[in-house]
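Reader: I am in my first year and would like to learn how to read a protein structure step by step. Could you show me the structure and then take my questions about it?

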Amino acid sequence: MNVWIAIAATAAGCYLLKLAGLLVPAGTLERPAVRQLAGLLPVALLAALTAQQTFGSGQALVLDARAAGVAAAGVALLLRAPFLLVVAVAVLVTAGVRALGG
């Protein structure tokens, strides 16, 4: 029963958040600071999620094969590789480091 309460609370929270977004005056959304924040916020959130998934394991920080894959992807991005190649490089490096026992 607790699961259904959590689902209902989450659904209600999402609905209220969406409603709050619709109630914000249009003039507020056109301010330069708000527009700049709206452009940068998704990038910051994605970077934080990537860092947490790469360097976190439960309550500990770890440096393992995932970090090597992200580093290889970063190098591929610096070399302006296409997105699919960047992903492939990250996967291959991560798999290679894991296969070598790292």
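Author: This is a predicted model, and, read along the sequence, the protein follows the pattern α-α-α-β-β-α-α.

Reader: How many helices and strands does the secondary structure of the protein come to?

Author: The pattern read along the sequence is α-α-α-β-β-α-α, where each letter stands for one element. Taken together, the secondary structure of the protein comes to 5 helices and 2 strands.

Reader: Is the protein spread out or compact when its radius of gyration is set beside the globule rule?

Author: For 102 residues the globule rule gives 13 Å, whereas the radius of gyration of the protein is 20 Å, which is well over that value. The C-alpha atoms, taken along the principal axes, fill a box of roughly 55 × 45 × 25 Å. Because its radius of gyration is well over the value from the rule, the protein is more spread out than a compact globule.

Reader: What percentage of the 102 residues in the protein is buried?

Author: A residue counts as buried when its relative accessible area is under 20%. The accessible surface of the protein comes to about 8200 Å², and 75% of that surface belongs to carbon and sulfur atoms. As for the buried residues, their part of the 102 residues is 12%.

Reader: Which elements give two or more residues to the largest nonpolar core?

Author: The largest nonpolar core has 5 residues, namely Ala-73, Ala-76, Ala-81, Val-86 and Ala-90. The elements that give two or more residues to this core are helix H4 (65-78) and helix H5 (83-99).

Reader: Which residues does Val-86 touch, leaving out those up to four places away in sequence?

Author: Val-86 belongs to the largest nonpolar core, where Ala-73, Ala-76 and Ala-81 are also listed. Once residues up to four places away in sequence are left out, Val-86 touches Ala-73, Ala-76, Leu-77 and Ala-81.

Reader: Why does Thr-94 count as buried, and which residues does Thr-94 touch beyond four places away in sequence?

Author: Thr-94 is found in helix H5. Thr-94 counts as buried because its relative accessibility is 15%, and the cut-off for buried is under 20%. Not counting residues up to four places away in sequence, Thr-94 touches Ala-65, Arg-66 and Gly-69.

Reader: Which residues make the nonpolar surface patch of about 460 Å²?

Author: One member of the patch is Tyr-15, which is found in helix H1 (residues 2-23). Tyr-15 is exposed, since its relative accessible area is 58% and exposed means over 50%. The patch of about 460 Å² is made by Tyr-15, Leu-16, Leu-19 and Leu-23.

Reader: How many salt bridges are there, and which side chains meet in them?

Author: The count comes to 2 salt bridges. Arg-35 and Glu-30 are both exposed, whereas Asp-64 is partly exposed, with a relative accessible area of 27%, and Arg-66 counts as partly exposed at 23%. The side chains that meet are those of Arg-35 and Glu-30 (3.1 Å, N to O) and those of Asp-64 and Arg-66 (3.2 Å, N to O).

Reader: Where is Arg-80, and what is the value of its phi?

Author: Arg-80 has its place in the loop between H4 and H5, and, with a relative accessible area of 75%, Arg-80 is exposed. Its phi is positive, in a residue other than glycine, and the value is near 60°.

How values were computed: Residues are numbered from 1 along each chain as its sequence is written. This is a predicted model: local features need pLDDT of at least 70, side-chain atom pairs count only at pLDDT 80 or more; totals for chains, interfaces and linings use all residues. Side-chain values use heavy atoms; hydrogens and water are left out. A nonpolar core is a set of buried Ala, Val, Leu, Ile, Met, Phe, Trp, Tyr and Cys residues joined through side-chain atoms within 4.5 Å. Buried means under 20% relative accessible area, exposed over 50%, partly exposed in between (1.4 Å probe, protein chains only). Helices (H or I, at least four residues) and strands (E, at least two) are DSSP runs, numbered from the N terminus. Contact means heavy atoms within 4.5 Å. Patches are made of residues with over 30% relative accessible area and no salt bridge: like charges are joined within 9 Å, nonpolar side chains (Val, Leu, Ile, Met, Phe, Trp, Tyr) within 5 Å. Accessible areas come from the Shrake-Rupley method with a 1.4 Å probe; for residues, only the protein chains shown count as cover. A salt bridge is a side-chain nitrogen of Lys or Arg within 4 Å of a carboxyl oxygen of Asp or Glu. The radius of gyration is taken over C-alpha atoms; the globule rule is 2.2 Å times the number of residues to the power 0.38.
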